[in-house]
Amino acid sequence: MRYIPNSPEERKEMLEAIGLKSAEDLFDSIPQDLLLKRALNTPAALSEIELLSRFERMGRRNAAARRPSFLGGGAYAHYIPTIVDHILSRSEFFTAYTPYQPEISQGTLQTIFEFQTLVCQLTGMDLANASMYDGSTGLAEAVLMAERVTRRSKVIASSAVHPQYLEVVKTYVQHAGIDLELAAFDNDTGQSAAGLANAVDDQTAAIVVQSPNFFGCVEDVAALAEAAHAKGALLVVCLTEAMSLGLLKSPGACGADIVVAEGQSFGVPLSFGGPYVGLFATRDKYARQIPGRLVGEAYDKHGRRGFVLTLATREQHIRREKATSNICTNEGLIALAATVYLETMGRRGIQEVAHQCLQKAAYAARRIASIKGFSLPFSGPRFNEFVVRGPLDAGELLARLGKDKSIEGGIPLWRYFSDRPNDFLVCVTEINSRAEIDALVEGLSEVSNR
Amino acid sequence: MSDGITKVTSHISPNEQLIFERSQQGRIGYRLPALDVEESPVNDLLPPHFQRDDDLEGMPEVSEVDVIRHFVRMSTWNYSIDLGMYPLGSCTMKYNSRLNERVARIPDFANVHPMTEEQDSQGALQVIYELEQHLAEITGLPGVSLQPAAGAHGEMTGIMIIRAFLDARDGEAASGRRTMLIPDSAHGTNPASAHLSGFSVKTIRSTSEGLTDLEHLRELCAHGEVAGLMLTNPNTLGLFERNIKQICDIVHEAGGLVYMDGANMNALVGIARPGDMGVDVIHLNLHKTFSTPHGGGGPGSGPCCCTKELEPFLPVPRIVKTDWSAGEPTFRLDYDRPKSIGRVKAFFGNYGMMLRALSYILTHGNDGLREATEAAVLNARYIADGLTSDYDKPFNSPPMHEVVFTDKRQSRKGVHTLDIAKRLIDYGFHPMTIYFPLIVQGAMLIEPTESVGRQELDQFIAAMRSIANEALEDPELVLNAPHSTRVGRLDEAAAARKPVLRWQK
């Protein structure tokens with residue numbers, strides 16, 4: 001095997017050097033009846049040439065990969081500057097472990113410190129951790145944290161939070177004694193702030209809102225912060241499209257207590273849903289309740305600045321069952337991708353991407369709404385996603401669009417909202433050209449007319 | 001430093017400020033195509049009170065060249081597997097093949113959106129299905145979910161599956177069965193994951209041989225409240241729990257289930273299978289055993305594998321094979337699993353890691369997987385043999401893929417495990433895992449993996465012996481190490497007292 005440096009001869013010599021006769025002797029401590037006395041029934045080794053052609057063949061079965069796409073719903077196709085992957089591909093970053101030895105991990109540690117700072121700047125919060133697995137698990141951890149902070153057990157979530165995120169939250173809280181209630185969204189605006197504000201009471205640990213929400217509608221976060229705080233509850237704000245932070249008032253400025261976001265939009269490929277990166281930010285006063293790793297500034301005896309993992313007494317390797325979370329490995333390399341992306345695009349680039357998303361989505365929405373038989377069921381303000389109601393079953397409509405026009409036109413909502421068979425979610429970003437948008441409009445018009 | 005020991009790197013490179021300190025107003029690192037649609041006034045699209053009013057003050061403004069130099073300079077302050085041996089015990093720092101990286105970047109996979117309809121993402125689903133099949137064969141446990149994003153996440157999933165199974169089996173009576181047994185040598189994630197699933201934890205003692213104390217296990221199992229046992233095998237001392245079958249029997253007879261922490265599967269692949277030992281559910285770490293990169297702390301991937309009996313409880317959706325079309329199998333997503341614990345992550349898990357792990361399995365082939373295990377265990381045994389003369393080895397049994405030593409002899413001169421670890425940096429190696437497992441005072445847990453050749457093992461042994469000698473003859477040299485890095489030992493206590501967790505102007 002070419003990844004094993006020692007040749008069979010060398011291994012034989014090493015066995016002799018430690019007084020063993022054969023490789024079998026290495027496993028003497030395993031009882032005979034537990035040894036697998038046959039070869040594994042997995043395939044025989046492939047060469048590099050064979051392996052690549054096998055994966056390329058499977059890849060060709062992903063028809064969607066090469067099509068113009070308007071899919072969002074928690075994963076977004078944005079432009080990724082070429083240098084992002086070059087920096088990720090440096091051995092020193094991607095083949096390093098968690099920075100437990102700070103003297104030889106300063107590259108990783110300083111990067112995370114910059115990541116934490118960028119997340120604070122974007123979200124308008126005081127501090128951020130070194131990352132969570134993704135937005136959905138980050139949201140679940142935020143709910144658990146709200147319970148710890150308030151010692152209250154009722155959590156009210158908007159039903160316009162990404163349905164898969166809500167499913168993850170349900171899984172996480174099922175044994176935590178947390179009572180999760182859903183507040184309805186408004187059928188006309190697509191927003192849920194009013195329903196949430198009405199549901200909060202003095203037993204409520206937190207209100208959970210997503211903005212822009214699953215339907216792409218921007219919520220009145222500031223009003224919700226006020227409603228939550230009036231009852232002593234926390235406001236948890238979740239974002240699946242972090243790019244909106246380039247344009248929308250930050251959750252911090254609106255009064256949020258915990259902000260979680262999926263960071264995939266910042267330089268991370270779609271890759272069928274992962275690996276992505278969860279952003280998690282909160283207020284200074286909750287620093288010791290935050291889950292996950294934190295990097296802080298430190299100095300050596302000569303006064304040189306460096307960075308270390310800090311406040312570890314919250315974490316599982318010290319606190320064990322009393323830890324703020326069981327998370328250990330997080331998404332270090334993807335946090336690096338987000339950091340490189342945000343620094344390359346910079347202040348003005350993030351603003352420009354957000355502006356283009358807003359304008360292109362608005363253009364697409366106008367055009368689609370003008371097609372005969374199509375409408376936009378929600379009136380709330382939007383960033384780069386919106387719900388479309390077509391004249392026939394959305395699954396059928398989009399399947400036709402894929403088959404006949406080779407366009408991935410959107411996400412049908414029936415799986416999550418069975419009362420909306422004709423509705424689908426359309427997302428437009430800076431990478432969708434006007435020609436693509438026009439082709440989508442023409443395609444929808446044509447395939448709905450058959 | 002002794003003759004013949006060559007340093008791999010000096011760790012010294014230019015200073016590099018934080019990007020925020022380098023930022024200059026007006027610098028630009030990107031260019032987008034001009035907006036090609038009619039522009040509407042922003043206020044018409046978005047009410048002004050929903051808009052940002054801070055102009056993203058403080059975010060960096062730098063050129064592309066600035067960014068490249070910034071990260072390349074910082075990268076030189078990192079140690080990495082590609083520089084040399086990285087013998088962190090329990091972490092399995094093996095070679096991260098470039099071929100796997102290439103596979104993960106194939107555009108037909110990298111550009112697939114996770115909400116794509118099944119018929120347009122058959123290749124992506126096929127990868128998940130095939131990897132699940134291979135992991136089922138490797139572990140001897142037929143039910144597999146790849147949804148968990150890391151080891152601790154897989155643990156949580158596994159323990160929630162146990163909980164759901166017991167609740168379904170025992171109904172109301174299950175509420176009396178809420179104790180999870182965990183050995184005192186376990187990873188900290190084990191009790192944290194048990195807690196998340198609503199279990200309280202009882203600790204099992206280890207014997208003086210470093211194995212689970214069967215008597216204590218029997219005693220703890222006698223009272224009927226045991227939901228299960230979480231066991232790492234080989235355990236965190238690098239020793240195979242040779243009574244594993246008996247252990248599983250005791251727990252099963254008491255009505256509980258056995259969860260195995262698969263962090264140490266690099267000692268077993270192709271040699272022995274947890275399913276054959278009586279284990280009910282296990283998590284694997286694709287970022288350990290199956291060589292996906294650790295990336296400076298993730299992404300990981302923590303598949304959960306279980307018995308047929310537990311399969312209905314795995315997270316949704318499941319990927320099922322339905323039929324054949326044009327000579328290829330077809331796959332669909334199955335959401336109709338009423339017993340499932342639910343979803344543990346949006347979408348399908350850390351998919352990019354699955355591509356790499358499948359590539360690893362296919363590149364090795366079945367004989368190569370076994371060969372890797374043999375080479376990994378041989379390397380650990382070779383180190384165990386080479387260091388016994390100079391360091392205290394607390395357990396006599398031959399280790400598997402990792403070996404634990406202590407600072408007992410060196411501490412007589414005031415030199416402790418931390419100092420030995422820091423001095424090892426000066427010899428060009430990444431230190432081993434230190435002070436874990438917690439039950440061994442001054443533990444040094446060394447896992448070389450199969451990715452280290454004999455010369456480097458000899459260099460490592462020589463470096464460790466040289467440090468043992470320095471501890472006797474010149475302890476100050478060791479106590480003040482490292483001497484070759486960009487920064488010296490950092491004051492972590494001060495950092496935690498007044499934490500500075502972000503840059504501010």
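## Where the two chains meet

Let's start with the meeting of the chains: 171 residues of chain B are in contact with 155 residues of chain A. Keep in mind that this is a predicted model. On chain B's side of that contact, helix α12 (residues 351-387) of chain B makes the largest contribution, with 22 residues. What mix of residue classes does the side of chain B that touches chain A have? There are 86 nonpolar residues, along with 51 polar and 34 charged ones.

## How each chain is divided

Now for the domains. In chain A, the domain assignment gives domain 1 in two pieces, 66-79 and 347-448, and domain 2 as 82-341. The C-alpha centres of these two domains of chain A are 28 Å apart. Chain B also gets two domains in the assignment: domain 1 covers 19-75 and domain 2 covers 101-364. Between the centres of domain 1 and domain 2 of chain B, again taken over C-alpha atoms, there are 42 Å.

## Inside chain A: domain against domain

Back in chain A, how many residues of domain 1 are in contact with domain 2? It's 25 residues, and they meet 24 residues of domain 2 of chain A. Two elements of chain A, α12 (332-369) and β10 (385-389), each give two or more residues to the domain 1 side. The largest share there, seven residues, belongs to α12(A). Sorted by class, the domain 1 side of this contact in chain A has 15 nonpolar residues, eight polar and just two charged.

## The nonpolar core

The largest nonpolar core takes in 313 residues. The residues with the most contacts inside this core are A:V143, A:A206, A:I207, A:V208, A:L224, A:V236 and B:I161. Which element gives the most to the core? That's α12(A), with 21 residues.

Pick out A:A206 and have a look around. Setting aside neighbours within four places in sequence, A:A206 is in contact with A:V143, A:A146 and A:V155, and also with A:A233, A:L234, A:L235 and A:V236. Both A:V143 and A:V236 are also on the list of residues with the most contacts inside the core.

## A helix under cover

Finally, find helix α5 (residues 106-123) of chain A, which is 18 residues long. From first C-alpha to last, this helix reaches 25 Å, close to the 26 Å expected at 1.5 Å a residue. Is α5(A) mostly covered or mostly exposed? Mostly covered: 18 of its 18 residues are buried. Right after α5(A) comes A:G124, with a positive phi near 75°.

Key: Residues numbered from 1 in each chain as written. Chains lettered and ligands numbered in written order. Predicted model: local features only at pLDDT ≥ 70, side-chain atom pairs only at ≥ 80, totals over all residues. Contact = placed C-beta atoms within 7 Å. Helix = DSSP H or I, 4+ residues; strand = E, 2+ residues; numbered from the N terminus. Nonpolar A, V, L, I, M, F, W, Y, C, P; charged D, E, K, R; others polar. Expected span 1.5 Å × (residues − 1). Buried ≥ 20, exposed ≤ 12 C-beta atoms within 10 Å, placed from the backbone. Domains from an automatic or database assignment. Core = buried A, V, L, I, M, F, W, Y, C linked by C-beta atoms within 7 Å.
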